[in-house]
Amino acid sequence: MPVPKGRGLVSRSLLRENAYRAIRDAIVDGTLAPGERLNDGDLSEWLGVSRTPVREALARLDQNGLVQTKPGRYTIVSPLDVRAVRDAQSVTAALHELAVREAMPHLSAVELDAMREANARFAVALRRKDVDAALAADDDFHDVAVTACANVALRTVLEQFTPLLRRLERLRFSSLSGRGSVAQHDRIIALCEAGDTEGAVSATRANWQTLLPLLDTTPG
């Protein structure tokens with residue numbers, strides 16, 4: 001199994017969580033391709049950890065739909081499952097709407113400025129066709145409301161399902177269609193600043209629904 005270059009990418013602290021995040025991110029960004037077989041030993045060598053945290057990470061990734069495991073036979077990166085992504089999109093969109101609704105009473109100038117700054121970085125990344133930076137900035141934008149609402153259960157579910165969407169969103173943000181999100185983000189900010197909860201929730205829903213056309217044109 002070809003693995004990314006470099007060793008010792010995971011520190012000795014929080015081995016299980018760090019191994020999970022490293023393998024997850026490699027799947028999301030396409031470094032580990034759909035259908036690729038994953039070998040415990042190769043992953044352990046790449047990450048610089050023992051096989052135990054790698055196996056625990058793979059078990060968690062299996063539960064989250066990013067890998068498929070046949071005990072005693074093989075573990076592979078899950079193919080892109082449009083139905084699973086559609087289900088994840090529905091749940092994720094609803095949770096981001098809830099995050100905005102619950103965050104509204106807690107949004108101050110500091111949070112609004114953080115949203116503006118993230119959206120500015122998002123726009124720059126799209127112009128430069130920097131997909132990684134665009135996704136990071138988009139995450140930062142939406143995370144303002146998720147943090148402000150302080151709903152631990154909401155964040156936990158988002159962390160489970162968002163990676164499924166990010167695999168598909170890399171395709172969207174590498175095209176011109178992703179640029180419409182900049183204006184949608186500006187509208188969300190304006191509605192939040194105006195104290196229009198229902199308007200901000202509706203605008204958030206519209207923003208997350210921009211994935212649906214891509215789902216309709218993705219084979220699988």
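1. Helix 2 (40-47), helix 3 (51-63), strand 1 (67-70) and strand 2 (74-77) each put at least two residues into the lining of the second largest pocket. Helix 3 gives the largest share of that lining, with 5 residues. Keep in mind that this is a predicted model.

2. That second largest pocket holds about 260 Å³ of space. Its lining runs to 17 residues, and L38, D40, L58, Y74 and T75 are the ones closest to its centre. Sorted by class, the lining of the second largest pocket comes out as 5 nonpolar, 5 polar and 7 charged residues.

3. On to the largest pocket, with about 610 Å³ of space. Here 23 residues make up the lining, and those closest to the centre are R24, D139, T162, P163 and R166. Three elements are worth having on screen, as they give two or more residues to this lining: helix 1 (15-28), helix 6 (131-149) and helix 7 (152-173).

4. Which helix supplies the largest share of the lining of the largest pocket? That would be helix 6, with 9 residues. As for chemistry, the lining of the largest pocket has 12 charged residues, along with 8 nonpolar and 3 polar ones.

5. A quick word on the rings. The count of aromatic pairs comes to 0. There is a charge over a ring to look at, though: R60 places its charged end over the ring of Y20, 3.7 Å from the ring centre. For orientation, Y20 falls in the span of helix 1 (15-28), while R60 falls in that of helix 3 (51-63).

Definitions and conventions
Residues are numbered from 1 along each chain as its sequence is written. This is a predicted model: local features need pLDDT of at least 70, side-chain atom pairs count only at pLDDT 80 or more; totals for chains, interfaces and linings use all residues. Side-chain values use heavy atoms; hydrogens and water are left out. Rings of Phe, Tyr and Trp (its six-membered ring) pair if their centres lie within 6.5 Å; planes under 30 degrees apart count as stacked, over 60 as edge-to-face and the rest as tilted. A charge sits over a ring if NZ of Lys or CZ of Arg is within 6 Å of the ring centre and within 35 degrees of the ring normal. On a 1 Å grid over the protein atoms alone, a cavity is a set of points where a 1.4 Å probe fits but cannot get out, and a pocket is an open set with protein on both sides within 12 Å along at least five of seven lines; lining residues have an atom within 4 Å of a point. Grid points are joined across faces, edges and corners, and a volume is the space filled by probe spheres set on the points. Helices (H or I, at least four residues) and strands (E, at least two) are DSSP runs, numbered from the N terminus. Ala, Val, Leu, Ile, Met, Phe, Trp, Tyr, Cys and Pro count as nonpolar, Asp, Glu, Lys and Arg as charged, and the others, Gly among them, as polar.
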